[in-house]
Amino acid sequence: MTAKDTRTADELLDAVGPAFAKLRRTSVLQVENPLSAKDFSRTLVLNQVHEHSREPGAEITVGRVAELLGADPSVASRMVSDNIKAGYLVRVASQQDGRRTVLRLTAAGEKLMARFRAHQREAFTQVTADWPESDRLTFARLMLRYVDSLEALQDRRSAEDV
């Protein structure tokens with residue numbers, strides 16, 4: 001996209017979906033200290049555990065990871081098992097129901113997530129290096145607003161399913 005974008009509103013809105021797909025594919029930019037492709041994939045699960053286990057009283061199970069990723073439970077189970085084998089996650093007994101196991105990040109998992117966050121920040125910095133600071137911050141605010149709205153929509157749908 002150039003500074004003077006002449007696309008119509010419909011053309012811009014139609015381009016959003018493919019743009020999101022490109023974000024995922026190209027976010028493994030060669031920045032300093034890049035993650036391996038395998039660890040990059042592992043962060044899909046680790047990010048869900050990291051984000052959602054911080055909520056008060058939240059316990060993240062494999063089933064919840066599957067829901068959050070929109071994945072089949074067997075796929076989520078394999079992804080979780082891979083993270084456990086890599087030393088990034090552990091299964092622990094639930095404090096709310098001792099019959100269940102929940103997922104927790106290990107110190108290595110926390111370290112990988114810190115590296116991933118730094119990687120994302122560096123990629124954003126490189127991609128937007130020639131943008132005015134006000135555009136960078138506006139884009140960041142709008143992206144966060146979009147994600148908040150997405151989560152609110154998911155919460156409403158979950159409440160309707162009850």
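Start with the whole chain in cartoon view: the protein has six helices and two strands. Helices are DSSP runs of H or I with at least four residues, strands are runs of E with at least two, and both are numbered from the N terminus. Follow the chain from that end and the elements go α-α-α-α-β-β-α-α.

What you have open is a predicted model, where local features need pLDDT of at least 70, side-chain atom pairs count only at pLDDT 80 or more, and totals for chains, interfaces and linings use all residues. Residues are numbered from 1 along each chain as its sequence is written, and side-chain values use heavy atoms, with hydrogens and water left out.

**Stop one: the whole protein**

Turn the model around. Its C-alpha trace spans about 60 × 40 × 25 Å along the principal axes. Now switch on the surface: the accessible area is about 11,300 Å², and 55% of that belongs to carbon and sulfur atoms. Areas like this come from the Shrake-Rupley method with a 1.4 Å probe; for residues, only the protein chains shown count as cover. How much of the protein is buried? Buried residues make up 23% of the 162 residues. Here, buried means under 20% relative accessible area, exposed means over 50%, and partly exposed is in between (1.4 Å probe, protein chains only).

**Stop two: the core**

Hide the surface and select Leu 46, Val 49, Val 65, Val 80 and Leu 89. Of the 18 residues in the largest nonpolar core, these touch the most other members. A nonpolar core is a set of buried Ala, Val, Leu, Ile, Met, Phe, Trp, Tyr and Cys residues joined through side-chain atoms within 4.5 Å. Which elements supply at least two residues each? They are helix 2 (37-52), helix 3 (62-69), helix 4 (73-85), strand 2 (101-105) and helix 5 (107-127). Helix 2 gives the largest share, four residues. In soluble globular proteins, nonpolar side chains tend to be buried together.

Zoom in on Val 65. Skipping residues up to four places away in sequence, Val 65 touches Val 45, Val 49, Ile 60, Ala 76, Val 80 and Leu 103. A contact means heavy atoms within 4.5 Å.

**Stop three: Thr 43**

Go back to helix 2 and pick Thr 43. Is it buried or exposed? At 2% relative accessibility, Thr 43 counts as buried. Leaving out neighbours within four places in sequence, Thr 43 contacts Leu 35, Leu 112, Met 113 and Phe 116.

**Stop four: the rings**

Next, show the aromatic side chains. Rings of Phe, Tyr and Trp (its six-membered ring) pair if their centres lie within 6.5 Å; planes under 30 degrees apart are stacked, over 60 edge-to-face, and the rest tilted. That rule gives four aromatic pairs.

Select Phe 20 and Tyr 146: this pair is stacked, with 5.2 Å centre to centre and 25° between the planes. Phe 20 sits in helix 1 (residues 9-26) and Tyr 146 in helix 6 (residues 133-161), so the pair ties together parts 126 residues apart in sequence. Phe 20 is partly exposed at 32% relative accessible area, and Tyr 146 is partly exposed at 44%.

Now try Phe 124 and Phe 139. Their ring centres are 6.1 Å apart and their planes at 15°, so this pair is stacked. Phe 124 is in helix 5 and Phe 139 in helix 6, 15 residues apart. Finally, add Trp 131: ring pairs link Phe 124, Trp 131 and Phe 139 into a cluster.
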